[in-house]
Amino acid sequence: MDYCIVVISLLLALSTSVNGQTIGSPIQSPAPEYTNLTELLSVAGPFNTFLDYLVSTKVIDTFQEQANNTEEGITLFVPKDSAFSKLKKPSLSNLTGDQFKSLCLFHALPHYYSLADFKNLSEISPVNTFAGGELYSLNFTYVSGTVHLSSGWANTKVSSAVHATYPVAVYQVDKVLLPEAIFGTNIPPTPAPVVDIAPDADSPDHGKNVAASSPDSSSRSSSYRMMNWGMLNHLFLAIVGGFLMFLLF
């Protein structure tokens with residue numbers, strides 16, 4: 001009798017628990033792996049300048065919190081060191097501390113986006129960045145698998161995916177993203193490339209240029225002047241000779 005009670009108890013225990021998971025309770029998915037953004041940017045590429053700005057403004061702490069303590073995740077656009085060295089106008093040297101912080105926040109979206117997600121994101125542009133507000137928004141276009149983005153002052157593209165595993169996406173860009181909220185909306189136009197167009201063969205200027213540049217034309221002109229001078233010289237001698245003969249006879 002006692003044996004039967006023990007067997008029944010074991011069966012009941014097995015029916016309510018399988019491999020440590022209670023039947024009927026939801027299976028919990030593993031938590032995303034912790035991503036250390038400082039370490040990632042230190043070893044992933046030439047991002048030392050941008051990383052220094054993130055650390056000095058403490059924006060790195062904001063990004064780290066978003067990356068590992070929210071379900072939304074984060075998407076970062078990281079300029080290479082050369083992007084900062086090439087930046088002449090406008091200059092970053094006159095920015096206030098708050099403006100510098102906003103500039104750093106402007107390089108991130110408060111959501112994780114894979115490269116494929118930008119195709120749909122381009123249809124709802126502009127998209128607000130971590131800095132917030134319409135003047136801190138980015139425009140995206142997706143062309144043949146390439147992600148292009150514009151801040152008004154800067155037009156660039158995603159040149160490589162540094163890290164793209166939920167909840168963190170880090171994409172390399174070749175230019176510093178400059179927000180209109182800091183640098184204004186009076187964006188200087190991009191100078192059009194100078195095209196050297198050759199004159200048309202039928203135009204009058206073309207004939208003049210050809211004549212002026214032709215060595216044969218120059219030599220013919222010189223020969224013509226020499227012939228005229230020779231004829232005048234012979235005529236002068238003939239006149240003088242005739243005059244002397246008239247005096248002698």
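Okay, let's start with a question: does Ser150 count as buried or exposed, going by its relative accessibility? Keep that in mind for a second. One thing up front: what you're looking at is a predicted model.

So, the answer. Ser150 has 17% relative accessibility, and because the cut-off for buried is under 20%, it counts as buried. Where does Ser150 sit? You'll find Ser150 in strand 7, which covers residues 146-150. If we skip the neighbours within four places in sequence, Ser150 is in contact with Leu138, Asn139 and Asn155. With Asn155 there's also a polar contact, side chain to side chain, at 2.6 Å.

Now let's zoom out to the sheet. It's an open one, made of 7 strands with mixed pairing, and the order goes 4-3-9-8-7-6-5. At the edges you've got strand 4 (108-109) and strand 5 (127-128); each has a single partner strand, so one side of each has no neighbour in the sheet. Strand 5 runs antiparallel to strand 6, residues 137-143, and 2 bridges join them. Look for Asn128 there: it stands opposite Ser137 in strand 6.

Last stop, charges. How many salt bridges does the structure hold? Just 1. That's Asp174 with Lys80, where the closest N and O atoms are 3.6 Å apart. Asp174 is in the loop between strand 9 (168-173) and helix 8 (180-183), while Lys80 is in the loop between strand 3 (74-79) and helix 5 (81-85), so the pair ties together parts 94 residues apart in sequence. And both ends are partly exposed: Asp174 has a relative accessible area of 31%, and Lys80 comes in at 22% relative accessibility.

Terms used. Residues are numbered from 1 along each chain as its sequence is written. This is a predicted model: local features need pLDDT of at least 70, side-chain atom pairs count only at pLDDT 80 or more; totals for chains, interfaces and linings use all residues. Side-chain values use heavy atoms; hydrogens and water are left out. A salt bridge is a side-chain nitrogen of Lys or Arg within 4 Å of a carboxyl oxygen of Asp or Glu. Helices (H or I, at least four residues) and strands (E, at least two) are DSSP runs, numbered from the N terminus. Buried means under 20% relative accessible area, exposed over 50%, partly exposed in between (1.4 Å probe, protein chains only). A polar contact is a pair of N or O atoms within 3.5 Å; within protein, one must be able to donate a hydrogen and the other to accept it, and residues adjacent in sequence count only if both atoms are side-chain atoms. Contact means heavy atoms within 4.5 Å. Two strands pair if DSSP finds at least two bridges between them.
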